[in-house]
Amino acid sequence: MRLVLQLVARLFLVVILCLGAATIWATIDAHRSVDRATAASAERVSVALEALYWRELTLRSNRMREQLLPVPEWRTIETMGLISPGICVRLEPAGAFEKPLCGQSKGIGQAPPRWFAATVQTLLGDHAAFVRPISARAANAGSVSAAADPNAAIALAWQHILDNIHVALLMAVAIALLASLAIAHTLAPAQQIVAALQRMARGQYSTSLPRFRSMELAMIGQAVGDLGDRLARSMEERAALTRRLLEIRSDERRALARELHDEFGQNLTAILAFANTIEATSAREKARSEVAQDARMISQATHRIMACLRDTLNRLRHPPAEELGLEACLVDLVDSWRSRNATQPVIQLDLKGDLADVRGAVAATAYRVAQECLTNSLRHSSARVIVLRIERRTGAENALLVHVEDDGGGDAAKLAGSPGFGLTGIRERVAALGGSLSIADANRGVSVAATIPLAA
């Protein structure tokens, strides 16, 4: 799962938790707001009735104070306006047939669900009643008692919660969307870092990254750049070391070729001369035919050893591709194999692009790859057709592709893991020039492809 989606999912989880906490707080606050409204209604009505009480007492001084209760004309519209919706107020002591005076309770909100009313009743309990004296100086003036209507209180609380939750929900959605955009914008440079790492995996180690505003991303980008620089230096040092090892190996091969030519060649020539002399002498002196026959067998064995030696010398010495050019040497290589194998397999040579100016180390490496792959196909498989394709790719790639494919069966994975010196050598040669070698299964056999940069 992408990091942006993980952060957005966690953000939405936090928003949902906050929204749940806001709902609980709004429920508690709604319950308390009814108590506050009840206390405020009792206070306002007591203050209004105190003024009414003292006015009546002044105007009707000939009456007993006890006869002023309940205060005349207290159930007025003005008094009704002092009572909050859903709150009922009554005078204490109450007169005969005296009913509470309640504020407007119709249309204060939609009926709440039963589960909400039951939950609030269970967790928060009933609303308290508030009593306020009409006059602190006249205790016998009575008091005002205010209590909330249970049904109206639940409806008010539900409406209060809906109002708060709607606002909180809109804020939560807006915060989540804006925070998601901010997270996506903040993590956008991570795609550039991933792309740089992917280029490094493909061998492009010198990868420059822009300066990021975030300190953490800037540190990661700097670390990736430093890693790329170190890998580039390491690969350059490795390539230089590999080239040096190949040069040493080439010198050793040339020295070995000289030793084989000088020592073995001369000795084999001497053996052949002695064998011919023995055969000729035996023929002149009419000696036993067994001696002449043995001499001829020695001559034949010597010729076979000399042919094998010439083939070994051809493989040991530097390919002529370094001096004569790649195309001519490949044609000569294929012709030599065709002359040795007149019937099967069929060797097809496919040249694409201009190979005239491909010389030096690139030409020598391409020749060695083709030579080794043809040798493996001819000696270690029952191939009927071998295709050797050399393609020069221009443009941004600017590389030489050497592709050898046969239909002789074989296992690409087994071949790739082979400890033989042949594939190891060409793999090192290609790597020394900054190229790559791949071995894969073909339709009926094995395919070997080498990509060699021409700028090497």
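**Figure 1. Helix 5 and its two sides.** Helix 5 covers residues 189-201, and for its 13 residues a rise of 1.5 Å a residue should give a span of 18 Å; the end C-alpha atoms lie 19 Å apart, which agrees. Look for P189, I193, A196 and M200, the buried residues of this helix. They sit on the same side of helix 5, because they cover an arc of only 60° around the axis. Turn to the other side of helix 5 and you meet Q191 and A201, both exposed. Please keep in mind that this is a predicted model.

**Figure 2. How confident is the prediction along the chain?** The chain has a mean pLDDT of 77, with 86% of its residues at 70 or more. Among its elements, strand 7 (residues 399-406) has the highest mean pLDDT, 90, and helix 8 (residues 321-324) the lowest, 60. Where pLDDT is low, the predicted coordinates should not be read in detail.

**Figure 3. A pair of tryptophans, W115 and W158.** A search of the whole structure turns up 1 aromatic pair. W115 and W158 form this edge-to-face pair, with 6.3 Å from centre to centre and 90° between the planes. W115 belongs to helix 3 (residues 114-124) and W158 to helix 4 (residues 150-187), so the pair ties together parts that are 43 residues apart in sequence. W115 counts as exposed, at 56% relative accessibility, whereas W158 is buried, with a relative accessible area of 14%.

**Figure 4. Helix 9, buried on one side.** The 15 residues of helix 9 (residues 326-340) reach 21 Å from the first C-alpha to the last, close to the 21 Å expected at 1.5 Å a residue. Its buried residues include L326, C329, L330, L333, V334 and W337. These share one side of helix 9, because their arc around the axis is only 135°. On the other side of helix 9, D332 and S339 are exposed.

**Figure 5. The largest nonpolar core.** This core has 37 residues, of which L326, V358, L388, I390 and L400 touch the most other members. Among the elements that give it two or more residues are helix 9, strand 6 (385-393), strand 7 and helix 12 (421-432). Helix 10 gives the most, with 9 residues. A second, separate core has 17 residues, including V34, V89, V144 and A148.

**Figure 6. The surroundings of L388.** Which residues touch L388, leaving aside its neighbours within four places in sequence? L388 is in contact with V334, Q348, L349, D350, A370, L374, V402, H403 and V404.

Conventions. Residues are numbered from 1 along each chain as its sequence is written. This is a predicted model: local features need pLDDT of at least 70, side-chain atom pairs count only at pLDDT 80 or more; totals for chains, interfaces and linings use all residues. Side-chain values use heavy atoms; hydrogens and water are left out. pLDDT is the predictor's confidence in each residue, from 0 to 100. Helices (H or I, at least four residues) and strands (E, at least two) are DSSP runs, numbered from the N terminus. The expected span of a helix is 1.5 Å times one less than its number of residues. Buried means under 20% relative accessible area, exposed over 50%, partly exposed in between (1.4 Å probe, protein chains only). The arc is that of the directions from the helix axis to the C-beta atoms. Rings of Phe, Tyr and Trp (its six-membered ring) pair if their centres lie within 6.5 Å; planes under 30 degrees apart count as stacked, over 60 as edge-to-face and the rest as tilted. A nonpolar core is a set of buried Ala, Val, Leu, Ile, Met, Phe, Trp, Tyr and Cys residues joined through side-chain atoms within 4.5 Å. Contact means heavy atoms within 4.5 Å.
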